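Work through the exercises below with the model open. Each task is followed by a stepwise solution.

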Amino acid sequence: MRIVGGRHRGRALAAPSGRDVRPTSDRTRQALFNILEHGDFFTDEGPTVDGRVVLDAFCGTGALGLEALSRGAEAALFLDVSRASLDLARANAATLKETGRCQFIQGDAAKAKPPSLNAQAAALVFLDPPYGQGLAPRALEGLSAAGWLAPEALCVVEIGGGDPFEAPPGFEELDDRRYGDTRVLILKRG
């Protein structure tokens, strides 16, 4: 696994052993960021990632949040229920010397508690929950209700290719693409 774009392009990231964490492939990440950077998803000026606060929920290795930092995001919040995943994301951030722009929070995205006082609401959100468990809609609702998402936040959801998905109330589906056995949806919070 490597960072595929931006100032850290080509830098290696540690990947977990075993099958508990399923990192987004380099190829899918590249395609996703190409869509974000060339799409017209935000109403304000400038690139989609530049200067934004990013939330990487179900962060695993932290690859999506770290990719966003490499491409100009202001800060990244990493959320996962697994201490081992948070430790791996923290180690990858340290390798890139990005820990000063990161916060690591242990918690359940579907049952999110309000963010700490020093955490900003995220304008760009990555959700990569375990496939086949229907967690994405519940996580979107939980994060939104708890105050993690900025108004009009752009939410990138990665699910299994055969997983059903219905956007929860308050979210508009903007894009839906497939990459092998992965489905990537882009939604906007209303």
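Buried means under 20% relative accessible area, exposed means over 50%, and partly exposed lies in between (1.4 Å probe, protein chains only). The model is predicted: local features need pLDDT of at least 70, side-chain atom pairs count only at pLDDT 80 or more, and totals for chains, interfaces and linings use all residues. Residues are numbered from 1 along each chain as its sequence is written, and side-chain values use heavy atoms, with hydrogens and water left out.

**Exercise 1. Determine how covered helix α2 is, and what its buried residues pack against.**

Step 1. Fix the element. Helices (H or I, at least four residues) and strands (E, at least two) are DSSP runs, numbered from the N terminus. Helix α2 spans residues 63-70.

Step 2. Check burial. Eight of the eight residues of α2 are buried. Among them are Gly-65, Glu-67 and Ser-70. Glu-67 has 0% relative accessibility.

Step 3. List the neighbours. Contact means heavy atoms within 4.5 Å. The buried residues of α2 pack against α1 (26-38), β1 (53-57), β2 (75-80), α3 (83-95), β3 (102-106) and β4 (122-127).

Step 4. Look past the end. Gly-72 follows α2 and has a positive phi, near 115 degrees.

**Exercise 2. Find which element gives the largest share of the largest nonpolar core.**

Step 1. Set the rule. A nonpolar core is a set of buried Ala, Val, Leu, Ile, Met, Phe, Trp, Tyr and Cys residues joined through side-chain atoms within 4.5 Å.

Step 2. Find the hubs. The largest core has 30 residues, and Leu-36, Leu-66, Phe-78, Leu-124, Phe-126 and Val-156 touch the most other members.

Step 3. Assign the elements. Two or more residues each come from α1, α2, β2, α3, β3, β4, β5 (149-160) and β7 (182-189). The largest share is that of α2, with five residues.

Step 4. Inspect one hub. Beyond its neighbours within four places in sequence, Phe-126 contacts residues including Leu-32, Leu-36, Leu-64, Ala-68 and Val-156.

Step 5. Separate the other core. A second core of 28 residues includes Val-53, Trp-148, Leu-149 and Ile-159.

**Exercise 3. Trace the salt bridges of Asp-26, Glu-67 and Asp-176.**

Step 1. Apply the cut-off. A salt bridge puts a side-chain nitrogen of Lys or Arg within 4 Å of a carboxyl oxygen of Asp or Glu. This rule yields nine salt bridges.

Step 2. Start in α1. Asp-26 pairs with Arg-29, with the closest N and O atoms 2.5 Å apart. Both lie in helix α1, three residues apart, about one turn. Asp-26 is partly exposed at 26%, whereas Arg-29 is buried at 0%.

Step 3. Move to Glu-67. Glu-67 bridges to Arg-71 at 2.8 Å, N to O. Arg-71 is buried at 13%.

Step 4. Take Asp-176. Asp-176 meets Arg-183 at 2.7 Å, N to O. Asp-176 is partly exposed at 31%, and Arg-183 is buried at 10%.

Step 5. Join shared partners. One network links Asp-26, Arg-29, Glu-37, Glu-67 and Arg-71.

**Exercise 4. Describe the faces and partners of β7.**

Step 1. Split the faces. In a regular strand the side chains alternate between the two faces of the sheet. Thr-182, Val-184, Ile-186 and Lys-188 lie on one side of β7, with Arg-183, Leu-185, Leu-187 and Arg-189 on the other; all are buried.

Step 2. Pair the strands. Two strands pair if DSSP finds at least two bridges between them. β5 and β7 run antiparallel, joined by seven bridges. Gly-160 stands opposite Thr-182. β6 (residues 171-179) also pairs with β7 in the antiparallel sense, over eight bridges. Here Glu-172 partners Lys-188.

Step 3. Close the hairpin. Two residues separate β6 and β7, and Gly-180 in the turn has a positive phi of about 65 degrees.
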